[in-house]
Amino acid sequence: MRIDIITVLPELLKSPFEASILKRAIAANLVAVHFHNLRDFTSDNYKSIDDTQFGGGAGMVMMVEPIDKCISSLKSQRSYDEIIYMTPDGETLHQGIANQVSLKENIIILCGHYKGVDQRVRDHLITREISIGDFVLSGGELAAAVLCDAVIRLIPGVLGNETSALTDSFQDNLLAPPIYTKPREYKGWKVPELLFSGNLPKIEQWREDEAYKRTQKLRPDLLDD
Ligand code: ADE
């Protein structure tokens, strides 16, 4: 998979890709992530990427031209399956979207700033709009990092244990069951006895039941459909 990220603040975005699982995924060539500074696609001396709104109103708007130039330049080099705009009014990110995006070959992610982008970018260049929740960040960079993390960990080979992404919370519309490790008892706080029984079918059944109970208690909305 190849991810091209268009941003005015590449420095805000780079560190999540320089540590831990994402760094290893890149080093293993399971994913390539490239950053493109929108200011490199401007045509004036000030390297302007934004301007005031037509019709008046507070806040700057990101201009169509630098974004179009950047996306066109990428598209001239390869074809893209999805051009995603990170925006608080997009569809809210959930595990199903991460699963879908993880199956793509090449994607572009555009990070917004200020009031957002000229609507013509959204009408003519963008294929999908994603929000990471009902709150407003100062830019799309952190949202893009969240999306990339959720997506990259699903690429086969990225997680050490191939099955572990399948047992994550949300994969079956269920939260994950409780998990325990050593010591068996700490300050009198005990691990459920069943987990030492060696009876794998029973343990699996217990995990399913606990996942269901936890979902019913904390996120009953997930069980609705
Ligand atoms: N940009 C600003 N806020 C955002 C959000 N909540 N999700 C995605 N992109 C954003």
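## Exercises around a ligand and a few backbone details

The ligand takes up the space of the second largest pocket. The model you are looking at is predicted, so keep that in mind as you work through the exercises below.

**Exercise 1. Find which residues come nearest to the ligand, and sort its shell by class.**

Solution. Start with the count: there are 13 residues around the ligand. Of these, Thr87, Ile132, Gly133, Phe135 and Leu137 come nearest. Next, sort the shell by class: 8 residues are nonpolar and 5 are polar. Charged residues are absent from the shell.

**Exercise 2. Work out which strands supply at least two residues of the shell, and which strand gives the most.**

Solution. Two elements to look at are strand 5 (82-92) and strand 7 (128-131), each of which supplies at least two shell residues. Then compare contributions: strand 5 gives the most, with 3 residues.

**Exercise 3. Locate backbone atoms that make polar contacts with nitrogen of the ligand, then say how much of the ligand the protein covers.**

Solution. The cut-off you need is 3.5 Å between N or O atoms. Now go through three residues in turn:

- Ile132 places a backbone N or O atom 2.9 Å from a nitrogen atom of the ligand.
- For Gly133, the distance from a backbone N or O atom to a ligand nitrogen is 3.2 Å.
- Leu137 has a polar backbone atom 3.0 Å from a nitrogen atom of the ligand.

Finish with the cover: on its own the ligand has 260 Å² of accessible area, and the protein covers 96% of that.

**Exercise 4. Classify the aromatic pair of Phe17 and Phe35, and place both residues in the chain.**

Solution. The structure holds 2 aromatic pairs. In the one formed by Phe17 and Phe35, the ring centres are 5.6 Å apart and the planes make an angle of 70°. Planes over 60 degrees apart count as edge-to-face, and the pair is indeed edge-to-face. Now place the partners: Phe17 is in the loop between helix 1 (10-13) and helix 2 (20-27), while Phe35 belongs to strand 2 (residues 32-37). With their positions 18 residues apart, the pair links distant parts of the chain.

**Exercise 5. Describe the backbone at Pro183 and at Tyr114.**

Solution. Recall the usual pattern: most peptide bonds are trans, and most residues other than glycine have a negative phi. The peptide bond from Lys182 to Pro183 is cis, with omega near 0°. Pro183 sits in the loop between helix 6 (141-152) and strand 8 (185-186). Tyr114 has a positive phi, near 55°. Look for Tyr114 in the loop between strand 6 (106-111) and helix 5 (119-124).

How values were computed:
Residues are numbered from 1 along each chain as its sequence is written. This is a predicted model: local features need pLDDT of at least 70, side-chain atom pairs count only at pLDDT 80 or more; totals for chains, interfaces and linings use all residues. Side-chain values use heavy atoms; hydrogens and water are left out. A residue is near a molecule or strand if one of its heavy atoms lies within 4 Å of it. A polar contact is a pair of N or O atoms within 3.5 Å; within protein, one must be able to donate a hydrogen and the other to accept it, and residues adjacent in sequence count only if both atoms are side-chain atoms. Accessible areas come from the Shrake-Rupley method with a 1.4 Å probe; for residues, only the protein chains shown count as cover. On a 1 Å grid over the protein atoms alone, a cavity is a set of points where a 1.4 Å probe fits but cannot get out, and a pocket is an open set with protein on both sides within 12 Å along at least five of seven lines; lining residues have an atom within 4 Å of a point. A molecule sits in a cavity or pocket if more than half of its atoms lie within 2 Å of its grid points. Helices (H or I, at least four residues) and strands (E, at least two) are DSSP runs, numbered from the N terminus. Ala, Val, Leu, Ile, Met, Phe, Trp, Tyr, Cys and Pro count as nonpolar, Asp, Glu, Lys and Arg as charged, and the others, Gly among them, as polar. Rings of Phe, Tyr and Trp (its six-membered ring) pair if their centres lie within 6.5 Å; planes under 30 degrees apart count as stacked, over 60 as edge-to-face and the rest as tilted.
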